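Biologist: Could you walk me through the aromatic contacts and the sheet here? I would love to hear the reasoning behind each label.

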Amino acid sequence: QVQLVESGGGLVQAGGSLRLSCAASGRTFNSYAMGWFRQAPGKEREFVASITWSGGRTYYADSVKGRFTISRDNGENTVYLQMNSLNPEDTAVYYCYAAPNIATLRFGSRGQGTQVTVSS
């Protein structure tokens, strides 16, 4: 089991940037795929980005491609989500996920979430 704690959320104006962090505990972190999902009020939780255990492959939702970048530092047990060119549609609670298999990330361990609010 991996425990996850997100940080870095906040209020930002449209066009601005934020970097989310997800600190993981557990000795299996380096073998886990990691990712971010988000949930806006009244909407279903949606996939944002994911990264393989080695960091060699990354995947993005079409809505964030070219604006968001996921990365990881296995030495620090941390995964990051750099978010640029934010717009109000990016407002949501962002959750960090971890799973042994990237295909089942949605069903893996989850953090408590961090709020991102983008004002117009």
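**Rings and strands**

Modeller: Gladly! In this predicted model, ring pairs join Phe 37, Phe 47 and Tyr 97 into a cluster.

Biologist: What makes the pair of Phe 37 and Phe 47 edge-to-face?

Modeller: The ring centres are 5.6 Å apart, and a pair needs centres within 6.5 Å. The planes stand at 75°, and planes over 60 degrees apart count as edge-to-face, so the label fits. Phe 37 belongs to strand β4 and Phe 47 to strand β5, so the pair ties together parts ten residues apart in sequence.

Biologist: Why is Phe 37 called buried, and why is Phe 47 called partly exposed?

Modeller: Buried means under 20% relative accessible area. Phe 37 has 3%, so Phe 37 is buried. Phe 47 has 26%, which lies between 20% and the 50% limit for exposed, so Phe 47 is partly exposed.

Biologist: Why is the pair of Phe 37 and Tyr 97 called tilted?

Modeller: The angle between the planes is 55°; that is neither under 30 nor over 60 degrees, so the pair is tilted. The centres are 4.8 Å apart. Tyr 97 sits in strand β9, 60 residues from Phe 37.

Biologist: How do you know that the charged end of Arg 45 sits over the ring of Tyr 95?

Modeller: The charged end is 4.1 Å from the ring centre, and the distance cut-off is 6 Å.

Biologist: And what makes β1 and β7 edge strands?

Modeller: The open sheet runs β1-β3-β8-β7 with antiparallel pairing. β1 and β7 each have a single partner strand, so one side of each lacks a neighbour in the sheet.

Conventions: Residues are numbered from 1 along each chain as its sequence is written. This is a predicted model: local features need pLDDT of at least 70, side-chain atom pairs count only at pLDDT 80 or more; totals for chains, interfaces and linings use all residues. Side-chain values use heavy atoms; hydrogens and water are left out. Two strands pair if DSSP finds at least two bridges between them. Helices (H or I, at least four residues) and strands (E, at least two) are DSSP runs, numbered from the N terminus. Rings of Phe, Tyr and Trp (its six-membered ring) pair if their centres lie within 6.5 Å; planes under 30 degrees apart count as stacked, over 60 as edge-to-face and the rest as tilted. Buried means under 20% relative accessible area, exposed over 50%, partly exposed in between (1.4 Å probe, protein chains only). A charge sits over a ring if NZ of Lys or CZ of Arg is within 6 Å of the ring centre and within 35 degrees of the ring normal.
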